[in-house]
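Trainee: I would like to go through this model with you. Could we begin with the terms and then take the features in turn?

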Amino acid sequence: MTDRITHWIDGKPCEGVSDRSGDVFDPATGRVRAKVAFAAQDDVDAAVAAASRALPGWRGTSLAGRTRVLFAFRELLSARRHELAKIVTSEHGKVESDAAGEIARAIENVEYACGAAQLLKGGFSENASTGVDVYSISQPLGVVGVISPFNFPAMVPLWFVPNALACGNTVVLKPSEKDPSAAVFIAELFAEAGLPDGVLNVLHGDKVAVDGLLEHRDVKAISFVGSTPIAKYVYETGTRHGKRVQALGGAKNHMVVLPDADLDLAADAAVSAGFGSAGERCMAVSVVVAVDPVGDELVAKIAERIKRLRVGDGMRPTSEMGPLVTAAHHERVESYVGAGVDAGARLVVDGRGVEVDGEDGGFWLGPTLFDHVTPEMSIYTDEIFGPVLAVARADGYDAALELINGNPYGNGTAIFTNDGRAARRFQNEVEVGMVGVNVPIPVPVGYYSFGGWKDSLFGDSHAYGPEGFHFFTRTKVVTSRWPDPSQGGVNLGFPRNS
């Protein structure tokens with residue numbers, strides 16, 4: 001009998017009123033492992049109503065009370081991290097070590113949110129004018145929506161939910177319908193940690209659920225991570241309905257390798273960053289820019305390492321790379337391999353038909369490497385979101401920089417070099433939001449904020465860290481005077497400081 005994954009509304013599982021559902025696959029076998037309920041508008045309304053009812057109580061909970069729940073959740077998450085990693089692997093397909101790393105980074109964000117008492121301190125100016133004090137306070141927005149992607153079903157929700165809760169908001173989380181179980185597990189842990197009913201709700205589904213949150217008048221803000229076209233849609237629709245929106249989009253991340261770089265280190269980094277999680281990362285390296293004359297040697301070193309990678313079922317300890325998440329996504333990614341060949345790129349390693357340690361029905365595509373990729377090819381212009389690594393050639397630093405800055409995306413980038421002057425120039429001149437120096441995946445630690453530039457971000461706020469707390473609060477400035485009874489009298493002039 002196929003399992004059924006239901007919504008989590010007002011502190012308990014909820015079937016909802018819709019009879020629509022979607023298939024959740026085991027990517028390593030291709031078999032359906034569960035059915036997930038798809039929300040109707042009435043279900044969206046129920047989830048938002050539960051969050052609205054819970055808002056006054058949670059908003060009124062002291063900072064000490066909120067952080068007490070977050071600390072308890074952090075302990076539960078840490079204790080059961082391996083259980084959550086298995087859930088992620090079973091539905092997404094990434095190997096367990098990668099899933100465990102995802103949970104570890106999520107815990108960093110929870111720990112940051114535990115510092116809410118310090119992070120929500122306002123400013124105070126005593127006697128700004130005679131007898132007048134001025135101070136600022138940060139207050140929650142209200143009910144907020146979080147729409148998270150399939151590639152990090154545990155980490156991305158925990159980029160947003162802990163900060164939103166720490167700030168006193170209530171949350172409706174809409175995870176990807178491709179791998180929804182991690183979100184329900186997280187909600188259950190929060191309930192066990194003492195979070196009151198209705199403060200965190202999980203709503204499953206497709207565009208009906210997304211549009212329902214974007215258009216609902218009681219939802220005050222939306223946090224989103226996904227592809228650029230959908231991020232742009234979320235931003236435009238949400239803001240049109242009066243919401244604060246942060247929408248993180250797609251990427252085409254370049255890794256520049258200068259001639260003075262350690263090529264073995266660079267090759268290790270390119271393979272790790274290009275094929276971890278089967279390339280299904282918005283921070284994956286998808287283009288290596290080899291600066292003359294190192295291209296041929298670098299490509300050879302990358303190819304040598306690719307051929308040793310073990311592709312298989314993510315549940316098996318020997319596997320280093322798992323399958324893609326669904327059959328449709330596999331078909332899309334694989335089509336780019338043929339497109340690259342047709343466009344004239346040199347196919348150095350072909351991941352089609354790869355031998356795997358897993359069942360034939362899985363959504364398998366092995367690591368794939370192209371060389372001599374040029375900017376007009378679709379394997380360069382498009383976010384493939386799979387294990388396809390492109391090598392482009394540049395005749396110098398300036399040409400490499402021009403290639404990156406001319407790209408519409410600006411999420412992450414890296415430079416590999418032993419020249420500190422070149423690295424410093426690169427970090428200042430490159431038009432990208434997150435930069436690595438000899439670090440291929442420069443995802444910030446929890447106390448800095450995550451986000452790109454250009455078509456990789458819509459909205460003014462990056463995710464988590466200081467900007468996360470800023471996003472989930474609004475500032476109120478209070479001007480206060482306790483007058484001496486002997487003072488008084490009407491004065492119609494503009495108030496002046498004195």
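Mentor: Certainly; buried means under 20% relative accessible area, exposed means over 50%, and partly exposed lies in between, with a 1.4 Å probe and protein chains only. This is a predicted model, in which local features need pLDDT of at least 70 and side-chain atom pairs count only at pLDDT 80 or more, while totals for chains, interfaces and linings use all residues. Residues are numbered from 1 along each chain as its sequence is written, and side-chain values use heavy atoms, with hydrogens and water left out.

Trainee: Is N127 buried, exposed or partly exposed?

Mentor: N127 counts as partly exposed, because its relative accessibility is 49%. The residue sits in strand β6, residues 124–129. Helices (H or I, at least four residues) and strands (E, at least two) are DSSP runs, numbered from the N terminus.

Trainee: What is notable about the phi of N127?

Mentor: Its phi is positive, about 55 degrees, although N127 is not a glycine. Most residues other than glycine have a negative phi, and most peptide bonds are trans.

Trainee: What is the phi of H372, and where is that residue found?

Mentor: H372 has a positive phi near 55 degrees and is likewise a residue other than glycine. It is found in the loop between β16 and α13 (378–381). With a relative accessible area of 41%, H372 is partly exposed.

Trainee: And which residues does the cis peptide bond join?

Mentor: It joins D292 and P293, with omega about 10 degrees. P293 is placed in the loop between β14 and α11.

Trainee: How far does α11 reach from its first C-alpha to its last?

Mentor: Helix α11 (residues 295–306) has 12 residues and reaches 16 Å, close to the 16 Å expected at 1.5 Å a residue. The expected span is 1.5 Å times one less than the number of residues. Its buried residues are G295, L298, V299, K301, I302, A303, R305 and I306. The elements covering them include α10 (263–275), β14 (285–291) and β17 (388–394).

Trainee: How many residues of α7 are buried?

Mentor: In α7, 9 of its 12 residues are buried, so the helix is mostly covered. Among them are S181, V184, F185, I186 and F190. Helix α7 spans residues 181–192 and reaches 17 Å from its first C-alpha to its last, close to the 16 Å expected. G194 follows α7 and has a positive phi near 105 degrees.

Trainee: Changing topic, at what angle do α4 and α6 pack?

Mentor: Helix α4 (residues 96–113) and helix α6 (residues 157–166) pack at about 15 degrees, with their axes 9 Å apart. That makes α4 roughly parallel to α6. Angles under 35 degrees count as roughly parallel, over 145 as roughly antiparallel, 65 to 115 as roughly perpendicular and the rest as oblique. Axes are lines fitted to C-alpha atoms, for helices over the stretch in contact, and angles run from 0 to 180 degrees between N-to-C directions.

Trainee: Which residues make that contact?

Mentor: On α4 they are A106, N109, V110, Y112 and A113, and on α6 they are L158, W159, P162, N163 and A166. Contact means heavy atoms within 4.5 Å.

Trainee: Finally, is V172 buried or exposed?

Mentor: V172 counts as buried, at 0% relative accessibility. It lies in strand β9, residues 170–174. Leaving out residues up to four places away in sequence, V172 touches several residues, including A47, V143, N201 and L213.
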